[in-house]
Amino acid sequence: MVETEALITPKLLDALYTEAMVLADEARSYFESGRFSEQCQDEATLSVSFSCESLKVTTRLMHCIAWLLNQRALHGEDLTDGEAWHHSRELGYAAASDGPMVELFPEEARQIIDASEELFQRLQRLSARLEYQEVVEPPVHDMFRRLQSSF
């Protein structure tokens, strides 16, 4: 886990978790406020698209928060490496936003959607780097494995 610790520190995890929670709170506040309806024309297609995008943002952020909590548990030694890297603890799938429709939304809605996508993409990159490090077998381990199999 030495390489993992080099990529993720408790301070980084705390910062990312705080960012995700603040963004989730901002999104909830905006989605519940009714400001979207006040700022847009009463068009059914736009309203349905906004509902879909709000679900996508919520899903994206919940995946981020769950993954970050999993990483905190791993770094707090509440989980073993094997438990932490089980496929059920991976960063989940979240559908991308519909760019052309989002462009029709008010600025505040676009900022929340873009911020959620950007955070999710950063965590995807971080997760991919961590998974790559877990997969790569150090040469010394390969040598020991080959020596054991020859006896």
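Trainee: Why are α2 and α4 called roughly antiparallel to each other?

Mentor: Helix α2 (residues 10-33) and helix α4 (residues 44-75) pack at an angle of about 155°. Angles over 145 degrees count as roughly antiparallel, so α2 and α4 earn the term. The angle is taken between N-to-C directions, from 0 to 180 degrees, with axes fitted to C-alpha atoms over the stretch in contact. Helices here are DSSP runs (H or I, at least four residues), numbered from the N terminus.

This is a predicted model, where local features need pLDDT of at least 70 and side-chain atom pairs count only at pLDDT 80 or more. Residues are numbered from 1 along each chain, and side-chain values use heavy atoms.

Trainee: What makes the pair of Tyr 30 and Phe 31 edge-to-face?

Mentor: Six aromatic pairs are counted under the ring rule. Rings pair if their centres lie within 6.5 Å; planes under 30 degrees apart count as stacked, over 60 as edge-to-face and the rest as tilted. The centres of Tyr 30 and Phe 31 are 6.2 Å apart and their planes stand at 70°, so the pair is edge-to-face.

Trainee: Why does Tyr 30 count as buried?

Mentor: Buried means under 20% relative accessible area (1.4 Å probe, protein chains only). Tyr 30 has 1% relative accessibility, so Tyr 30 qualifies.

Trainee: Why is the pair of Phe 50 and Phe 105 called edge-to-face?

Mentor: Their ring centres are 5.8 Å apart and their planes are at 80°, so the term fits. Both residues are buried.

Trainee: Which parts does the pair of Phe 50 and Phe 105 tie together?

Mentor: Phe 50 lies in helix α4, and Phe 105 in the loop between α6 (99-102) and α7 (107-135), so the linked parts are 55 residues apart in sequence.

Technical notes
Helices (H or I, at least four residues) and strands (E, at least two) are DSSP runs, numbered from the N terminus. Angles under 35 degrees count as roughly parallel, over 145 as roughly antiparallel, 65 to 115 as roughly perpendicular and the rest as oblique. Buried means under 20% relative accessible area, exposed over 50%, partly exposed in between (1.4 Å probe, protein chains only).
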